Amino acid sequence: MAITPNDDPEDRRVAIAELILRLRRSGIMDKHVLGAIESVPRDVFVPPESQDHSYSERALAIDCGQTISAPVIVGMMTLALDLSDRDRVLEIGTGSGYQTAILARLCRWVYTIERFRTLVLAAESRFQTLRLANVTTLVDDGTKGWPEEAPFDKIIVTAAAEEVPEALLKQVRLGGIVVLPVGPQDGVQKLMRLTRTVDGFLEKSLADVRFVPLIPGKAAQL
């Protein structure tokens with residue numbers, strides 16, 4: 001059922017309740033992850049033309065040719081990070097800021113990088129609206145990570161890399177986790193969780209997914 005949450009607060013509550021029920025049915029049962037998702041109004045991050053589908057189980061287009069991932073993918077990636085309130089998290093691909101806001105509810109600090117300044121400015125405004133004070137943004141090339149703030153406890157990448165950027169692997173601490181989609185730009189990718197060990201990285205495939213590509217460099221658009 002299409003719901004327009006901005007029309008009525010009760011509609012939003014119903015939409016969020018239905019979303020949480022779907023996530024539970026998909027196997028996402030962690031109370032902290034579900035609580036974070038429940039506390040972040042998804043419609044705030046969705047463009048006006050897609051408001052009817054804010055809480056639908058689908059990816060939605062946003063500015064600059066990017067997308068906001070389907071709720072179950074957001075939940076799956078968040079769960080895979082195994083976050084604690086002490087974690088410092090690096091996010092590659094701020095996008096609308098929806099995933100960022102959920103991370104911010106669960107960890108100590110989120111450092112988020114986006115190549116499009118337009119998206120960062122819009123996301124920062126949403127963070128202020130939601131009173132999120134533990135997010136630092138950067139307009140830059142996400143494939144290089146954020147070495148000045150490394151090492152990170154967890155890293156999440158919300159765009160698909162054909163190969164995992166070596167710079168990101170070097171910026172996660174021993175025992176830390178990297179979650180990202182890996183695969184071809186125009187096909188099915190694998191959502192992977194990489195856990196750093198003394199011998200390298202322990203890899204686990206989580207699901208087949210489709211993400212926009214991870215593109216090196218800082219976007220020319222302001």
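Hi everyone. Before I start, one definition: the helices and strands I name are DSSP runs, numbered from the N terminus, with at least four residues for a helix and at least two for a strand. Please keep in mind that this is a predicted model.

With that in hand, let me start at S50. This serine sits in the loop that links α2 (31-39) to β1 (60-61). Is S50 buried or exposed? Its relative accessibility is 12%, and buried means under 20%, so S50 counts as buried. As for its partners, leaving out residues up to four places away in sequence, S50 touches L60 and A61.

Since α2 has come up, let's look at how it meets α1. Two packed helices are described by the angle between their axes and the distance between the axes. For helix α1 (residues 9-25) and α2, the angle is about 155° and the axes are 10 Å apart. Angles over 145 degrees count as roughly antiparallel, so that is the label for α1 and α2. The crossing of α1 past α2 is right-handed. Which residues make the contact? From α1 we have I16, L19, I20, L23 and R24, and from α2 we have L34, I37 and E38.

Now over to α5, my main topic today. Helix α5 covers residues 117-129, and a quick check on its length works out nicely: 13 residues at 1.5 Å a residue should span 18 Å, and the end C-alpha atoms are 19 Å apart, which agrees.

Which residues of α5 are buried? They are L119, V120, A123 and F127. These four cover an arc of only 95° around the axis, which puts them on the same side of α5. Turn to the other side of the helix and you find L121, Q128 and T129 exposed. And what does the buried set pack against? The answer is α4 (98-106), β4 (109-114) and β5 (135-139).

Let me zoom in on one of those buried residues, L119, which belongs to helix α5. Its relative accessible area is 5%, so L119 is buried. Not counting residues up to four places away in sequence, L119 touches I62, D63, C64, Q66, G95 and E114. Take Q66 from that list: L119 and Q66 are 53 residues apart along the chain, yet their C-alpha atoms are separated by 9.3 Å.

One last thing for anyone who likes backbone angles: after α5 comes R131, and its phi is positive, near 60°.

That's my tour. Thanks for listening, and I'm happy to take questions!

Conventions: Residues numbered from 1 in each chain as written. Predicted model: local features only at pLDDT ≥ 70, side-chain atom pairs only at ≥ 80, totals over all residues. Heavy atoms only, no water. Expected span 1.5 Å × (residues − 1). Buried < 20%, exposed > 50% of the residue type's maximum accessible area, 1.4 Å probe, protein only. Arc of directions from axis to C-beta. Contact = heavy atoms within 4.5 Å. Axes fitted to C-alpha atoms, helices over the stretch in contact; angles between N-to-C directions. Parallel < 35°, antiparallel > 145°, perpendicular 65-115°, else oblique. Left-handed = near helix turned anticlockwise from the far one by under 90°.
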